[in-house]
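Visitor: I would like to learn how to read a few features of a protein model. Where do we begin?

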Amino acid sequence: MKVTDKKIENYEATLTIEVEAAELEKTKKQACKKLANRVSIPGFRKGKAPQHVIENHLGKGAILDEAADMLIQKSSQEAMKEEKLSPVTEPQAKIVTCEDGKDFVFTLSFTPYPEVKIGEYKNIDVEKVVEPVTDEEVDDEIKHMREHHANMIEVAEDATVEDGDFITLNFSGSVDGEKFEGGTAEDYPLRIGSHSFIDNFEDQLIGLKVGDEKEVKVTFPEDYHDKDLADKKAVFECKINSIKRPELPALDEEFVKKVSKFKTVDEFKADIRKNMETNAERRAVEKQHSDVIAKVVEGMTVDVPPVMIEDRITQMIAEFEARIQMNGIKFEQYLSMAGKDMDQLREEYRKTAEENVHTDLMLEEVANKEDIKVTGRDLDYEVAVMAQMYRTNPKQVAKFLRESGQLINLMGNVRRRKAAQFILDNMAGAEKPEEIKPAESEKVEDKKSE
């Protein structure tokens with residue numbers, strides 16, 4: 001077998017592969033044996049009929065076709081290995097010559113894995129910036145906790161609606177004098193300032209008293225999910241039924257004892273600050289690590305085939321669709337509610353998909369250069385984590401991964417994650433971490449990684 005021609009144009013590789021006539025003849029005999037096991041021929045047990053009988057029964061064309069399929073499968077793998085090409089898309093074969101006594105010739109077309117050239121990925125220097133926690137931020141955090149424990153109090157009779165109040169109201173909306181579906185309600189609960197209503201609806205209610213009525217005029221947004229209302233001007237006849245205002249508990253020892261293990265306000269504040277500083281440190285580390293990975297990606301040179309981006313978008317949307325359906329919502333229903341079609345959704349995912357593909361390509365190259373492997377212990381740990389997440393037996397998870405063909409995807413994810421950890425362990429100023437041993441768990445049977 002030899003590759004007689006190789007072309008790469010517009011991200012597609014086309015190989016012309018030639019197999020000697022003697023190899024075709026040899027493969028025809030193997031094809032006969034395979035076909036003999038599939039068909040029943042009177043007077044012969046399955047698999048025992050000689051080649052000339054099989055040819056008479058099925059025709060020479062059937063045997064030649066079977067031999068061609070076998071040669072294509074075998075020679076394609078050898079040719080791609082020889083040319084150091086890996087397919088991103090399913091290779092498509094086209095037979096050029098397939099005749100007795102002649103060399104077997106076919107072309108193979110596919111999108112190859114792109115060539116990746118990365119720059120420095122060790123000793124990457126990115127500053128860790130920890131944002132200081134201010135007294136104002138501590139006070140705001142405590143205020144949120146007090147709001148969570150607030151009591152809702154009816155306002156005084158002459159009080160007016162203020163930002164942050166909780167009200168109930170009646171409203172009836174119309175467009176061009178015609179009421180529309182979903183535009184009418186009674187005793188509707190609304191928090192002023194939540195911006196859950198369109199345009200400046202809520203702002204126009206500020207200053208009203210209980211019993212007051214008002215015409216609220218708004219414009220539906222251009223991208224409103226109901227196309228019949230999009231960009232239309234509407235009038236809502238509104239009446240305020242009640243106004244309640246949150247009454248925050250005093251920040252005293254009684255409140256502190258109720259919401260924490262501390263006895264004094266100072267101890268409580270100090271603990272809040274400590275937790276906020278810990279979170280600020282965590283966010284800074286996460287940002288630093290993210291920037292390190294991004295910096296390595298920036299130093300990479302690669303021409304990504306568009307099909308890789310499109311495939312990643314499709315994968316991301318499929319995952320999103322699964323999450324939507326888990327919440328009992330049909331995907332078509334979600335698109336209608338969001339006022340989007342599939343093309344718009346794909347464009348929304350495009351930038352993230354491009355970033356993810358570039359990052360994965362970089363991590364794969366680092367894994368190749370550092371000869372990073374996925375061990376059985378790595379898989380044991382992943383399976384144990386998944387089993388705990390789904391509250392099932394590790395053996396069941398391992399079986400599902402093998403039977404669904406997802407084990408190879410899991411191994412790829414783990415390998416890239418280990419490559420990312422290698423970069424972080426070797427960035428400038430990084431402390432060498434202690435070895436983290438995977439939790440003991442039931443072993444994955446028939447590991448393909450070993």
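Guide: With the charges, keeping in mind that this model is predicted. The protein chain carries 68 positive and 95 negative charges, and their mean positions lie 8 Å apart.

Visitor: What radius of gyration does the protein chain have, and what would a compact globule of 450 residues have?

Guide: For a compact globule of 450 residues the value would be near 22 Å, whereas the protein chain has 34 Å. The C-alpha trace spans about 105 × 65 × 45 Å along its principal axes.

Visitor: How many helices and strands does the protein chain have?

Guide: There are twelve helices and nine strands. Of the contacts between residues at least 6 apart in sequence, 68% join residues at least 24 apart.

Visitor: What share of the residues is buried, and how much area does the protein chain expose?

Guide: Buried residues account for 36% of the 450. The exposed area is about 28,500 Å², with 46% of it supplied by carbon and sulfur atoms.

Visitor: How should I read the sign of phi?

Guide: Most residues other than glycine have a negative phi. Asp371 is not a glycine, yet its phi is positive, at about 55°. Asp371 sits in the loop between helix H9 (342-369) and helix H10 (376-389).

Visitor: What is phi of Arg391, and where does Arg391 lie?

Guide: Arg391, also a residue other than glycine, has a positive phi near 55°. Its place is the loop between H10 and helix H11 (394-403).

Visitor: Why does Arg391 count as exposed?

Guide: Because its relative accessibility is 80%, and exposed means over 50%.

How values were computed:
Residues numbered from 1 in each chain as written. Predicted model: local features only at pLDDT ≥ 70, side-chain atom pairs only at ≥ 80, totals over all residues. Heavy atoms only, no water. Helix = DSSP H or I, 4+ residues; strand = E, 2+ residues; numbered from the N terminus. Rg over C-alpha atoms; globule rule 2.2 N^0.38 Å. Buried < 20%, exposed > 50% of the residue type's maximum accessible area, 1.4 Å probe, protein only. Contact = heavy atoms within 4.5 Å. Areas by Shrake-Rupley, 256 points an atom, 1.4 Å probe, with all protein chains shown as cover. Lys, Arg positive; Asp, Glu negative; His and termini not counted. Charge placed at Lys NZ, Arg CZ, Asp CG, Glu CD.
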